[in-house]
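Trainee: I am new to this structure and would like a close look at one part of it, with the rest brought in where it helps. Please take your time over the answer.

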Amino acid sequence: MSRAQIPALVFGVGGFGALVAATVSNEWKVTTRASSVVTATWVYQGLWMNCAGNALGSFHCRPHFTIFKVEGYIQACRGLMIAAVSLGFFGSIFALFGMKCTKVGGSDKAKAKIACLAGIVFILSGLCSMTGCSLYANKITKEFFDPFYVEQKMGYVYNGATSAMSSRTKYHGGEDFKTTNPSKQFDKNAYV
């Protein structure tokens with residue numbers, strides 16, 4: 001039984017590291033608007049900041065400076081992921097103390113209880129992270145399949161440089177996007 005404790009600790013700490021990497025990642029939602037290789041742009045959205053880059057190598061990030069103006073599902077995901085990271089940290093500490101090969105933790109009976117507690121804490125950490133990721137993925141899926149969510153789909157109506165720039169405008173009127181001509185500010189020199 002003690003041979004399985006070291007791989008279990010390695011997997012637990014590895015999962016904790018992957019959880020931290022996923023929490024700080026800026027690639028929770030990636031959108032692209034590419035009409036050609038030269039005019040391709042990408043928008044990376046994460047829990048903490050949004051980034052934009054293009055095929056020419058320009059990359060710019062803007063952090064979320066406020067807590068309360070961020071959408072509710074992002075705040076919920078932030079809270080769940082922070083809870084998961086915190087639980088994973090304490091689970092790693094408890095697992096280290098609960099191993100039979102360590103001198104810390106007391107008798108074998110106490111170490112068994114600590115190891116059981118570590119397993120429960122790791123399970124709770126995994127549930128928090130799965131809930132946060134599922135909540136975010138559900139929101140993205142709903143937006144993608146919603147025919148009335150215009151902000152996401154405007155970039156696919158026009159061709160060329162207008163395709164990338166038109167996603168920044170919001171739909172405020174009753175115009176039809178397919179018949180509306182783009183304004184002069186979205187011409188071929190929009191990136192210059």
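Which residues does Lys139 touch, not counting residues up to four places away in sequence?

Mentor: Leaving out residues up to four places away in sequence, Lys139 touches Glu71 and Tyr73. Before going further, please keep in mind that this is a predicted model, and that what follows describes that model.

Lys139 is found in helix α3, which covers residues 108-145. With a relative accessibility of 29%, Lys139 counts as partly exposed, because the range for that class lies between the limit for buried residues, under 20%, and the limit for exposed ones, over 50%. Of the two residues that Lys139 touches, Tyr73 is 66 residues away along the chain, yet the C-alpha atoms of Lys139 and Tyr73 are separated by 7.7 Å.

The side chain of Lys139 also takes part in a salt bridge, where it meets the side chain of Glu143 at 4.0 Å, counted from N to O. Both of these residues lie in helix α3, four residues apart, which is about one turn of the helix. As a general point, side chains of opposite charge can pair when their charged atoms come close. Glu143 differs from Lys139 in its surroundings: Glu143 has a relative accessible area of 8% and is therefore buried, while Lys139, at 29%, is partly exposed. Salt bridges that share partners join Lys29, Lys139 and Glu143 into one network.

The other link in that network is the salt bridge in which the side chains of Lys29 and Glu143 meet at 3.0 Å, again from N to O. This pair connects distant parts of the chain, since Lys29 sits in strand β1 and Glu143 in helix α3, with their positions 114 residues apart in the numbering. Lys29 and Glu143 are both buried. A search of the whole structure finds two salt bridges.

Following Lys29 into its strand leads to the sheet, which is open and consists of four strands in the order β1-β2-β3-β4, with antiparallel pairing. Strand β1 (29-33) and strand β4 (59-63) stand at the edges, each with a single partner strand, so one side of each has no neighbour in the sheet. On average, and with direction ignored, neighbouring strands of this sheet are turned by 15° against each other.

Within the sheet, β1 runs antiparallel to strand β2 (residues 41-45), and five bridges join the two. Thr32 has Trp42 of β2 as its bridge partner. Farther across the sheet, strand β3 (residues 49-54) pairs with β4 in the antiparallel sense, also over five bridges, and Gly53 stands opposite Phe59 in β4. The hairpin of β3 and β4 has four residues between its strands, and in this hairpin Gly57 takes a positive phi near 100°.

Returning to helix α3, we can look at other positions along it. Ser125 has its place in this helix and, with a relative accessible area of 5%, is buried. Apart from its neighbours within four places in sequence, Ser125 is in contact with Leu19, Ala84, Leu87 and Gly88. Leu124 also has its place in helix α3, but at 42% relative accessibility Leu124 counts as partly exposed. Leu124 belongs to a nonpolar surface patch of about 490 Å², which is made by Ile120, Ile123, Leu124, Leu127 and Met130.

Finally, it helps to set this part within the whole chain, which has five helices and four strands. From the N terminus on, these elements run α-β-β-β-β-α-α-α-α. Buried residues make up 29% of the 192 residues in the chain. If we take the contacts between residues at least 6 apart in sequence, 47% of them join residues at least 24 apart. The accessible surface of the chain comes to about 12,500 Å², and 66% of it belongs to carbon and sulfur atoms.

To come back to your question, then, Lys139 is a partly exposed residue of helix α3 that touches Glu71 and Tyr73, and its salt bridge with Glu143 is part of the network that also takes in Lys29.

Technical notes:
Residues are numbered from 1 along each chain as its sequence is written. This is a predicted model: local features need pLDDT of at least 70, side-chain atom pairs count only at pLDDT 80 or more; totals for chains, interfaces and linings use all residues. Side-chain values use heavy atoms; hydrogens and water are left out. Two strands pair if DSSP finds at least two bridges between them. Axes are lines fitted to C-alpha atoms, for helices over the stretch in contact, and angles run from 0 to 180 degrees between N-to-C directions. Buried means under 20% relative accessible area, exposed over 50%, partly exposed in between (1.4 Å probe, protein chains only). Contact means heavy atoms within 4.5 Å. Patches are made of residues with over 30% relative accessible area and no salt bridge: like charges are joined within 9 Å, nonpolar side chains (Val, Leu, Ile, Met, Phe, Trp, Tyr) within 5 Å. Accessible areas come from the Shrake-Rupley method with a 1.4 Å probe; for residues, only the protein chains shown count as cover.
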